[in-house]
Amino acid sequence: MEKQEIQEQLNSIWKGWELKELIGEGSYGKVYKIERDEFGHVYQSALKVITIPQSSAEYKSVINDGMDEASAKEYFYSIVKDIVEEFTLMSRLKGNTNIVSYEDHAVIEIPDGIGWNIFIRMELLTPVLDYYRKSTLSIRNIVKLGIDMCSALEICGQYNIIHRDVKPENIFISELGSYKLGDFGIAKQLEKTSGSLSRKGTINYMAPEVYKGEKYDQTVDIYSLGLVLYRFLNNNRMPFVPPHPQPILYADKEEANIKRMKGLEMDPPCNALGKLADVVIKACSFDPENRYKSPSDMKRDLISLLNDGDESEDAYSDNDGIHKIDVNYYSRKAAENETVTYKSTELPIGEKSDYGVRKDDSNPIDDPMPVSSDPMIVSTDTGSGKKWIPVVLTIIVLMAAGILVYFFYNNSRKSTVPYITGMTVDEANALVTQDEYELVVQQTGEDYSDSIEKGDIISQNILEGTSVDKGTVIEVIVSRGARISIPDLVGHETREAEDIAVSAGLNYNVSEEVYSDDVEAGIVMTQDLEAGTDADEGQTIYVTVSKGKELIAVPNVTGMNSDEAIAVLADLMLTYEISEEYSNDVEAGNIISQDIAEGNMVEKNTMVKLVKSIGPEPKPKTTTTTAPRSTGSNSSGKSSKSSKSNKSSGEVIWEDVK
């Protein structure tokens with residue numbers, strides 16, 4: 001896809017971003033630098049562009065395998081779906097210090113024909129190989145890289161992920177000196193695999209069990225990381241290849257990989273001593289059982305190299321540098337048909353001769369010009385024509401003395417930068433302000449670190465061992481602690497939520513408890529820090545916890561006028577139901593009784609049944625009834641009835657008349 005076409009599609013997806021330059025190529029696609037200018041600020045990102053299928057030849061190959069057009073489209077679409085699955089993974093890993101940060105993605109179907117363009121916007125970083133070509137490479141740099149990569153693999157382990165392509169090309173470095181692992185394009189989750197997993201990855205860094213198609217686990221990433229460290233500690237050479245600066249042929253690389261896959265014993269990297277060599281060789285063990293069981297174990301040993309004085313002394317000397325080798329020297333000697341012993345112009349670390357370099361009579365580069373044991377040699381010939389020699393020698397002596405004075409004065413104003421990473425700024429200043437150094441440490445920024453404790457120095461802008469003028473300011477970046485991904489506490493019981501927060505490295509505080517009709521008592525309702533965003537280690541997350549449904553104490557409304565009683569209940573958000581009864585004791589219109597006793601706790605909108613008085617029951621009216629007179633039996637022969645009036649009650653009493 002042409003650059004102009006990429007820019008046009010970029011405009012349709014994310015307006016304002018401008019394509020700048022091609023900065024690399026990864027699996028399936030190319031990576032560009034893009035910029036956006038907004039309100040005078042320039043924002044930068046990396047844009048990975050993937051085209052599926054990658055070429056017409058790839059499409060034809062699928063058709064030639066017997067697929068029709070519809071089947072071919074479905075085939076390539078399944079690849080697109082697999083890549084999109086990667087975005088879900090990348091999104092979950094977002095925000096971790098040592099993982100390349102994913103920002104956004106878009107998938108655009110090519111209108112004519114079969115194909116899709118996939119755009120992925122990511123954090124813009126410097127590839128570690130580019131960085132090392134331009135910067136001094138020290139053993140401490142390499143140990144720091146190993147620690148950061150172990151931190152990245154720890155994150156992968158938490159998500160049950162095997163990266164399977166750990167190599168220098170997939171390692172990047174931020175402006176603040178953090179190393180980051182990228183390109184999860186072939187990473188798979190263990191839960192989605194069974195039996196023998198697929199043989200993906202880069203052969204030069206591939207673990208033997210992956211190459212052989214055997215079952216494997218996360219230790220294959222530890223193996224690959226071990227090879228990365230081996231290469232950087234071995235003058236940029238992999239195991240079993242000819243040592244630097246001998247040329248490497250294709251056959252050499254093939255043979256080296258065969259030896260590695262057979263499990264031949266590796267020599268330690270030429271620039272690794274003591275425990276550092278042990279760490280690398282253990283990580284690269286042919287048998288997975290002999291490797292580190294987890295990246296945390298390997299990380300612990302690497303950190304000890306930085307912090308343990310005895311082990312550090314074994315790992316580095318005062319000259320902690322791995323520098324470029326003078327290849328031209330050997331080329332010149334070869335042209336002169338001289339026998340050359342291939343050695344680095346820099347010393348193996350920790351080995352120094354009287355002249356500051358290792359002696360080797362077989363290599364003239366290792367021995368400086370011989371110097372007499374006497375500081376000066378003065379001729380004793382006083383013959384004619386040579387009387388000027390003492391004068392010349394005197395001048396030379398005076399000049400030499402002046403040079404020495406100047407040299408010693410200048411040296412007295414020089415200082416060697418110490419290693420202050422891992423100290424606090426106060427501790428570092430206490431060290432560098434001593435007469436031996438007379439330097440100043442100044443904090444210029446902060447960054448997250450999974451390996452350096454909060455408040456300690458992550459990196460320094462002037463490498464240790466560098467000679468500088470006294471009074472020089474060393475700028476440092478201080479750790480904010482581990483980058484914490486905020487957990488989602490909503491819906492958890494408050495004690496459980498506290499455990500989750502504390503386990504993540506956060507402080508937990510209940511800022512408010514409120515009633516809720518929908519959330520049970522003791523359950524977290526809201527949190528002030530949004531789940532999934534980043535926070536500093538030790539930061540406090542404030543939550544609101546439900547008190548459950550609000551309970552109301554039922555008031556006593558008996559004796560109140562019904563309107564007043566209703567108003568009291570309404571103010572308390574209680575409902576009512578009223579029935580009426582006669583009462584000789586309670587005035588009409590007032591409440592005789594309530595079904596829920598005073599003081600009982602009930603929920604809002606609970607119904608209280610009230611009985612209202614309608615006053616005394618009315619008395620019935622008095623009536624008189626006159627019974628018919630009778631003189632005897634009626635026509636039926638039955639006895640007739642007579643009545644008499646009860647004057648006191650008004651009742652009419654019927655009696656039988658015999």
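**Legends to close-up views of the predicted model**

**View 1. Buried residues of helix α8 in the predicted model.** Within α8, the buried positions are Asp-252, Ala-256, Asn-257, Arg-260 and Met-261. These residues lie on the same side of α8, because the arc they cover around the axis is only 165°. An α-helix has 3.6 residues a turn, so residues three or four places apart point the same way. The buried residues of α8 pack against two other helices, α6 (208-211) and α7 (219-233).

**View 2. Length and C-terminal end of helix α8.** Helix α8 comprises 13 residues (residues 250-262) and, at 1.5 Å a residue, should span 18 Å. The C-alpha atoms at its ends are 19 Å apart, which agrees with that expectation. Gly-263, just after α8, adopts a positive phi of about 90°.

**View 3. Crossing of helices α2 and α3.** The axes of α2 (residues 56-64) and α3 (residues 69-93) come within 10 Å and cross at roughly 120°. An angle over 115 but not over 145 degrees counts as oblique, and α2 and α3 are therefore oblique to each other. Their crossing is right-handed.

**View 4. Residues at the meeting of α2 and α3.** From α2, the participating residues are Glu-58, Tyr-59, Val-62 and Ile-63. They meet Glu-69, Ala-72, Tyr-75 and Phe-76 of α3.

**View 5. The protein chain as the setting of the close-ups.** The chain contains 16 helices and 27 strands. Of its 658 residues, 39% are buried. Among contacts with a separation of 6 or more, 62% are between residues 24 or more positions apart.

Methods: Residues are numbered from 1 along each chain as its sequence is written. This is a predicted model: local features need pLDDT of at least 70, side-chain atom pairs count only at pLDDT 80 or more; totals for chains, interfaces and linings use all residues. Side-chain values use heavy atoms; hydrogens and water are left out. Helices (H or I, at least four residues) and strands (E, at least two) are DSSP runs, numbered from the N terminus. The expected span of a helix is 1.5 Å times one less than its number of residues. Buried means under 20% relative accessible area, exposed over 50%, partly exposed in between (1.4 Å probe, protein chains only). The arc is that of the directions from the helix axis to the C-beta atoms. Contact means heavy atoms within 4.5 Å. Axes are lines fitted to C-alpha atoms, for helices over the stretch in contact, and angles run from 0 to 180 degrees between N-to-C directions. Angles under 35 degrees count as roughly parallel, over 145 as roughly antiparallel, 65 to 115 as roughly perpendicular and the rest as oblique. A crossing is left-handed if the near helix is turned anticlockwise from the far one by less than a right angle, and right-handed if clockwise.
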